[in-house]
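Subject: The structure, and what turned up in it

Hi,

Here is the structure I said I would pass on. Have a look at it first, and then read on for what I found.

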Amino acid sequence: DYVRTRLEARAQANLFYGKFRLTSRQAMSFDQYLALGPVINDMRSGSRAGLMGDVGFAFYFAKRFTVHIGAKDYYNEDNRTLTKGYGHNVHGYLQAGAIF
């Protein structure tokens with residue numbers, strides 16, 4: 001069984017915020033976040049609900065650019081060839097963006 005598409009909602013908390021200087025005129029800020037929420041997985045064998053946890057860091061550069069690095073853990077029911085059960089599917093990610 002495998003996931004074809006996924007729809008997720010989440011509540012996020014930023015646990016701490018920090019800043020460090022790159023030069024005497026330029027500083028980079030960052031925050032660490034934790035998110036939890038429900039997920040609906042459209043799997044090969046049908047649609048199933050599950051849970052998602054996300055933890056990571058967001059870095060902000062030059063007031064307009066951001067980079068996120070983190071890990072998401074999807075917990076859902078799997079239908080395997082011989083058994084059924086619940087499993088964790090962990091994804092690491094690196095994400096870049098621009099703030100407008």
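Which side chain does E77 meet in a salt bridge? The partner is R48, with an N to O distance of 3.9 Å. Before going further, please keep in mind that this is a predicted model.

Staying with that pair for a moment: E77 sits in strand β5 and R48 in strand β4, and the two are 29 residues apart, so the contact links distant parts of the chain. E77 counts as partly exposed, since its relative accessibility is 26%. R48 is on the other side of the 20% cut-off for buried: with 14% relative accessibility, R48 counts as buried.

**The other salt bridges**

The total count is four salt bridges, and I'll go through two more here. As general background, side chains of opposite charge can pair when their charged atoms come close.

One of them joins D54 and R10, whose closest N and O atoms are 2.4 Å apart. Again this ties together distant parts of the chain: D54 belongs to strand β4, R10 belongs to the loop between β1 and β2, and their positions lie 44 residues apart in the numbering. D54 is buried, at a relative accessible area of 1%, whereas R10 is partly exposed at 35%.

Another is the E8 and K72 pair, where the closest N and O atoms are 2.9 Å apart. E8 is in strand β1 (residues 3-8) and K72 in strand β5 (residues 65-79), so they are a further case of distant parts being linked, 64 residues apart. E8 is partly exposed, with 28% relative accessibility. K72 has a relative accessible area of 17%, and because buried means under 20%, K72 counts as buried.

**A few distances to check on screen**

If you want to find your way around with the distance tool, these C-alpha pairs may help.

- K72 and M52 are 20 residues apart along the chain, and their C-alpha atoms are separated by 6.8 Å.
- S47 and V3 are 44 residues apart along the chain, with 9.1 Å between their C-alpha atoms. S47 is in strand β4 and is exposed, with a relative accessible area of 56%.
- M43 and R10 are 33 residues apart along the chain, and 20 Å separates their C-alpha atoms. M43 lies in strand β3 and is buried, at a relative accessible area of 1%.

**The largest pocket**

How much space lies in the largest pocket? It comes to about 180 Å³. The lining is made by K19, Q26, A27, M28, S29, Y60, F61, A62, K63, R64, F65 and I99. Two elements give two or more residues to that lining, namely β3 (27-43) and β4 (46-61). The largest share comes from β3, with three residues. As for chemistry, the lining divides into seven nonpolar, two polar and three charged residues.

**A nonpolar patch on the surface**

Which residues make the nonpolar surface patch? They are L15, F16, L34, V55, F57, I69 and L94, and the patch has an area of about 640 Å². The elements giving two or more residues to this patch are β2 (11-21) and β4. F57 is one of the patch residues and is found in strand β4. Its relative accessibility is 32%, so F57 counts as partly exposed. That also fits the patch rule, because a patch residue needs over 30% relative accessible area.

**Strand β4, pulled together**

If you only colour one element, I'd suggest β4, as that name keeps coming up above. R48 in β4 pairs with E77 in β5, and D54 in β4 pairs with R10 in the loop between β1 and β2. The strand also gives two or more residues to the lining of the largest pocket, and two or more to the nonpolar patch. Its residues vary in how covered they are: D54 is buried at 1%, F57 is partly exposed at 32%, and S47 is exposed at 56%.

That's what I have for now. Shout if anything is unclear.

Cheers

Conventions:
Residues are numbered from 1 along each chain as its sequence is written. This is a predicted model: local features need pLDDT of at least 70, side-chain atom pairs count only at pLDDT 80 or more; totals for chains, interfaces and linings use all residues. Side-chain values use heavy atoms; hydrogens and water are left out. On a 1 Å grid over the protein atoms alone, a cavity is a set of points where a 1.4 Å probe fits but cannot get out, and a pocket is an open set with protein on both sides within 12 Å along at least five of seven lines; lining residues have an atom within 4 Å of a point. Grid points are joined across faces, edges and corners, and a volume is the space filled by probe spheres set on the points. Helices (H or I, at least four residues) and strands (E, at least two) are DSSP runs, numbered from the N terminus. Ala, Val, Leu, Ile, Met, Phe, Trp, Tyr, Cys and Pro count as nonpolar, Asp, Glu, Lys and Arg as charged, and the others, Gly among them, as polar. Patches are made of residues with over 30% relative accessible area and no salt bridge: like charges are joined within 9 Å, nonpolar side chains (Val, Leu, Ile, Met, Phe, Trp, Tyr) within 5 Å. Accessible areas come from the Shrake-Rupley method with a 1.4 Å probe; for residues, only the protein chains shown count as cover. Buried means under 20% relative accessible area, exposed over 50%, partly exposed in between (1.4 Å probe, protein chains only).
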